[in-house]
Each structure stands twice: as structure tokens, then as C-alpha cells.
Amino acid sequence: MNLFFEESGDFKAGSVMSQTGEAYQVELASGKRSKVRVKDVLLQFASPDASSLLVQAKTLAAEIDLEFLWEVAGEEEFGFAELGTEYFGHAPKPEEAAGLILALHGAPVYFYKKGRGRYKAAPEASLKAALAGIEKKKQQAIIQAGYVEELKQHRLPDAFKSLALQLLFKPEKNGIEYKAFAEACDALQMSPQRLMLACGGVKSAKDLHFSKFLFENFPKGIGFPPAPIPSLPADLPEADVQAFSIDDVTTTEIDDAFSVVMLGNDQIRIGIHIAAPALGIQRNDALDMIARSRMSTVYMPGDKITMLPDALVETYTLGEGQTRPALSLYVTLNTSDWSVISTETKLEAIPMASNLRHNDLDALVTEENLANDAGEYPHKAEIAQIWQWAQVLEKGRMAKREGFGLKPEQTNRVDFNFYVEDDVVSIVRRKRGAPLDKMVAELMIFANSTWGKFMADHGIPGIYRAQGGGSGGWAAKMQVRMVTHAAPHQGLGVDQYAWSTSPLRRYTDLVNQWQIIACVQHGVTAPLVAPFKPKDADLFAIVSGFDAAYAAYADFQNNMERYWCLRWLGQENARQVEAVVLKDEVLRLVDIPLIIRLPGMPQMARGAQVKLDILRWDEVDLSVEARILEMLSSVTDEGLGEMDESDDDTAAAVDTEVDADTETQTAPENESPDQSGSIDNNADTSEDQKLEADTATGDVKSDSDLVADN
């Protein structure tokens, strides 16, 4: 006797060897023996043999007309033998019964299984819906196959053109477009990014990086929604000064300027003037919502995405020949020792005499020329006075740093400026600590520290940068954090530090400017009328949101700087280049701030200079392959000058608070082992950010440059 039975959802046939109670011992055609329970047996038959029955049953099942079978079945539940008699017109033979079972079981759209060998025909409406779904899937499969073929020919299907970025960065994985794209990537052994570039869905590697950033951070685009631009306040007193700014040639958001007035009797008054958009933007108005949604201007070589609309920036920027509202900090000094006699904060209109540019003045305003009163350039006398005070300010900060237990700042490092025009990049080296840089940096640090104290003295909160005094190990203690109360910034050597000098470019500065204005206008009653009251939960939300946005923007900026460094290699056909060892297996090129990791390289001292052979690079994944050709010197002066020589155990973690104030592109490069030498490009980099050290290595890096790109 032979049996046809169901086992684990599969149908099998075999010869009975023996029977014990409710179980058979069955030998299958393969020779394997199996124990079969009586309740699993569907057919008992003597002929044909088990293997022949299976072959004939499968053939017959394939020939059965399912639609006719469904019509024959009726609406009531049935057993396969009953339906077999109706369908075949006679009691079904074993091979016919087995074939019928296979057909019923293999057509769940037509027949619902109700038990062992029992079925029920699907309702007509359900059957039609299911068949329509099957037909749709067939058509989709045909379309998907067509998409795959087009993609394999490096042609982008029309249906993909509006989905290119979504397919790369946030795909709908159940869609046929994604399935076709994934299948084509597998067939071609290409990454999604490379296939999209090959098909023209994204024009270039630069567009790929930029599009990814926009997709994640500006999903609605970088255009500004309609918002009324406030007119300039008409009731501000006009200051009796001739102010001037110092910025990079590419700067458009000019939000800091200076003035100098000689008072006689060894006294001088230096004015630090900050553009005052907070007079036109009110908390929770349309412009505030725009600024808060962006949190900061986004910088990249050759371009930027401003925090505020161009019309607003144009209204409040401190442009040459214009009189613009400003928040001014006047400092009266004794020129015999440059001690501060008094400070005063005012709201006023500032006449702008000049917008000076680093590109024009850097070669003229040198320490040697300042010492010898040499060279001719605008505002020479005022710059000389500011230079004297800036040196005293720096010396005072260094003494304060030492009081906090930190070593002096490293100022003999090299910064890099990026300029991009028509996709041609220029990367220009600048030594940090040049007089103009130092002047702007020191005066911005002084203003941010003074106004931080000003807010604290009036009992209102602000957004402060703090470093040191934390709990845990050295790195945790020296981590820079944002708080809403005055706290020391040990790296900068100040008792408090509140970003306040870039309100056109950074939302934290706009918030602090509102608070400072409340102090100026209302004095001791400021806590009652300031936009943000003590313990305002919204202020904490702003701090959290700013940290997240600023980190994402810094990530993007570093990636784009690395991209342009790779473009520079091709543009200059730079195959053999010089590099300096930063740490362990990490080097940085001498001519550009490109960080390269060379696993397995020989142990070399930090600062050692070598010649590299650039083997290849990839502008999509931003990788570089190179090998060492020769050692050029044991340790270079430049190499040592660009390192923090402190031990890891005692290294000072200095916060480079480039305040995005001057658009001079002088943010320090990041020489942490996993981070690029990036700077605030397209400039807009203030120099009030000059000093942030990696807490583990003591390496200096910009507050806007905290991102690994290796």
C-alpha cells in the first residue's frame, strides 16, 4: 500500500513499510524513511507507485482550469474528493485526486483552506480583488524590469527624475522605483550614489554632498518664506564717530565695526559696534521664526546659506557710507598702561566710514610695520591704537588662563582660506595671529565677556559658552558647553563669555542682543521686560536646537572643505606633495588642510615632514590613498608650530571661539586625529573664536570645525 500525505505544509508519497497504532512507517522514493500519522494521510492507493503518482499529479495540477474549478466548487465548504467527483465526472483516480489537492493548495486566491483536505471557494468580490492585485504586481514587475534595464545602461528613467534624492537619502523601500534601483546597483556592483551620478540623476559629487545636506536640513528648500522687512528705527541718536569694519573680501553680513576717539590726558575711547537687527526683529515674529528655524548661517567654500533674508541683511549690515543701528560698547582706556577706566553700552546709529578688507591690508598691517609706523592705509592711526590694546588684552587673557591652570595658547599655527570661482578653487595659507586677526579677535572676546557680565549683573539669562569646572575626567571638565547663566570660559581666559557679536549670522547672538537691549533700555527693571525671563524653558530649547544645527552645519562645512581639497589635487595635478605628521598614522598636507590617514606607517615624531605620493582619491566618499616616498626632515618648525606640545595628561583644552564675526576665513584648522583642518570658509569666520583645543590631545580646533571626516 502507498500513501499520499501532508508533512510540514508539503505533499509527499511513499510506500508503507509497517503500521503501529495511529502511525505508519513510510519509505519515500528517495529511500528516506518517515513516520506518518494517520490523520496526515490524504490518500491510500495501490497503484501507481509513489514516485509516479507525484509526477502525474503535478502534471495534472498544472492543467487544471482554476476558474472552472472555482465555478464547480460552489459556495459551501467541501472535501477534495467531493469536488473531484464533480470536476472529473467520476470518482477521481489516485493521481487525479492528488493533482486536485495540489491545485487547490496552490491557489489560495481561489480557495481557502479549512482543514486537512477541506477547502472553500473564495467569494467572488474577494477573488476579483485578489486577481486584480496579482495582475497589478505582474505589470509592476514588467515595469520594474524595464527600469532595471534602463539603469544598467546608465539612463535615468523619467519616473526617477523627481525621486533621485529621495531614492538616495530616504527611499520608500516598497516602491518599484527603489526595488529597481537596488536591483540595478546589485547587478552593476555599484553604490547607489555612483549609479545615480552615472545616470545623471545628480550632476556631480559636489551636488551630491550639497543635495544630501539640503535634503536632511532644508527639506523645504533654502528660499525664505514671505516676511515683512522692518524699516530702520528713526529715533536713534547718531554717534559722533567714523566707524570702520575689518573683514574678508567675500563678506556680506558685516556685523561688527570699530571706532577710536582720542580724549586727551592719556585717555582714549574705543568703540565696538555691532549691527542691531534685534531692533527690527521681535521674538516670535515671522523673521524670528525664520532665524530660529535655521539657527545660523551655513558656510561652505564658495557659497553660504544665510540665516536671514538678503533684504534684512542689507537693511542692517554695517555697509560703507551708510548709517546703521548698532549696539555699541564704548571702552575708555588709559593709554599709559591700557587699563580700562570705564565701559558704556549704547543703542545708536553708527556712521560707517569704511569697510576694510583683509585681502587689501594683510600685507601692509604687519607687526613690523605697526612697530615702525610704516606703510600707508586707511584708518592707520586708529588701527595702531587698537593694536596696542589688543596686545594687552591677549596678555591679560593668557594670565587668566594660567590662573585656571592652563598653558598658553598656540598662536603660530597656519590657517587656510578657500575661494571658489567657476568651480576653480584657491586655497590660501594664512598664519594665525596676524595683527588684524588679533585685533578683531581680542575686541570681540572682550565685548562678549563684558556683555555676558552686563546681562548677569542685571539678573537676566543669556546664552553663554562655558569651559572648565565640569565633573568627571579631564576631557569632561574641559568640554565646551552652552549654558544660560554666566560661567567661566577657562580656555579663553575670561570669567564669562556670551556670543553677542554676530546677530546677523547666529541665532544665539540675536537672542543675547535682545537681552542686552532690554538691559540698556530698562536698567534694573530689565528682568521684568526682557524677552527671556529667568528659567525660561524656551531658552533651553534654543540652546538644544542650536547645538544640533551647528553640529550638522559644521559636519557639512568640513565635508565640503575636504571635497574642495580633493578637487585641488586634481586641479593642480598634485601627485607628489609634502605633509606634516599630526599624530600616529595621521598627516596633513602642507599646502592645503587635507588630513590623510596612513594605517601601518612607520612611527614618526609629531611635526615630522614627509613627501607623499598621492595614489588616488574619491570625491564621492572623500577618501584618499597615498604612500610615503621619503622623510624630508625630522621635525620642522612649521610642524611643531602647528601642534600643541603639551602632554596629553596636562594639555589645555582651549575653545576656539571663532565668532563668525569677520568673514576672514581664519578659523584654526583642526588637527585632531580624526578631523579635518577645516575653517569657516567663504569666510564669514570671526576671530573671536580663536582657541578650541581637543580635550584629549590638546590640539587646537575651531568651535565650528568639530567634525571628523576620515
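Leu364 lies in the loop between helix H12 (358-361) and H13. In this predicted model, Leu364 is partly exposed, with a relative accessible area of 30%. Leaving aside residues up to four places away in sequence, Leu364 touches Asn369, Glu376 and Tyr377. Its C-alpha atom is separated from that of Ala374 by 8.4 Å, although the two residues are ten apart along the chain.

**From H13 into H14**

The next loop, between helix H13 (367-372) and helix H14 (380-403), holds His379. Phi of His379 is positive, near 55°. Is His379 buried or exposed? His379 is buried, because its relative accessible area of 15% falls under the 20% limit.

H14 itself has 24 residues. From its first C-alpha to its last, H14 reaches 35 Å, close to the 34 Å expected at 1.5 Å a residue. Which residues of H14 are buried? They are Lys380, Ile383, Ile386, Trp387, Trp389, Ala390, Leu393, Glu394, Arg397, Met398 and Arg401. Charged names appear beside the aromatic and aliphatic ones: Lys380, Glu394, Arg397 and Arg401 are among the buried residues. An α-helix has 3.6 residues a turn, so residues three or four places apart point the same way. Gly405 follows H14, and its phi is positive, near 90°.

**Backbone exceptions**

Most residues other than glycine have a negative phi, and most peptide bonds are trans. His379 departs from the phi pattern, and Asp423 has a positive phi too, near 65°. Asp423 sits in the loop between strand E16 (414-421) and strand E17 (424-431). With a relative accessible area of 34%, Asp423 is partly exposed. The peptide bond from Ser47 to Pro48 is cis, with omega near -5°. Pro48 is found in the loop between strand E5 (41-45) and helix H1 (50-63).

**A five-stranded sheet and its helix**

Five strands form an open sheet in the order E22-E21-E20-E23-E24, with antiparallel pairing. Which strands form the edges? They are strand E22 (595-597) and strand E24 (623-633), each of which pairs on one side only. From one strand to the next, the twist averages 40°.

Inside the sheet, strand E20 (residues 576-583) and strand E21 (residues 586-589) pair in the antiparallel sense over four bridges. One bridge partner is named: Lys583 meets Val586 in E21. Helix H19 (residues 537-571) lies across E21, E22, strand E23 (609-618) and E24. H19 runs at about 100° to E23.

**Aromatic rings**

A pair of aromatic rings is described by the distance of the centres and the angle of the planes. The model holds 21 aromatic pairs. One of them joins Tyr87 and Phe88: their ring centres are 5.0 Å apart and their planes lie at 85°, so the pair is edge-to-face. Ring pairs also link Phe210, Phe213, Phe218, Tyr553 and Phe556 into a cluster. Tyr553 and Phe556 of that cluster fall within the residue range of H19, 537-571.

Arginines also meet rings. In each case below, the charged end sits over the ring.

| Arginine | Ring | Distance from ring centre |
|---|---|---|
| Arg294 | Phe224 | 3.9 Å |
| Arg506 | Trp499 | 3.7 Å |

Note on methods. Residues numbered from 1 in each chain as written. Predicted model: local features only at pLDDT ≥ 70, side-chain atom pairs only at ≥ 80, totals over all residues. Heavy atoms only, no water. Pairing = 2+ DSSP bridges. Helix = DSSP H or I, 4+ residues; strand = E, 2+ residues; numbered from the N terminus. Axes fitted to C-alpha atoms, helices over the stretch in contact; angles between N-to-C directions. Contact = heavy atoms within 4.5 Å. Buried < 20%, exposed > 50% of the residue type's maximum accessible area, 1.4 Å probe, protein only. Expected span 1.5 Å × (residues − 1). Phe/Tyr/Trp six-rings, centres within 6.5 Å; stacked < 30°, edge-to-face > 60°. Lys NZ or Arg CZ within 6 Å of the ring centre and 35° of its normal.
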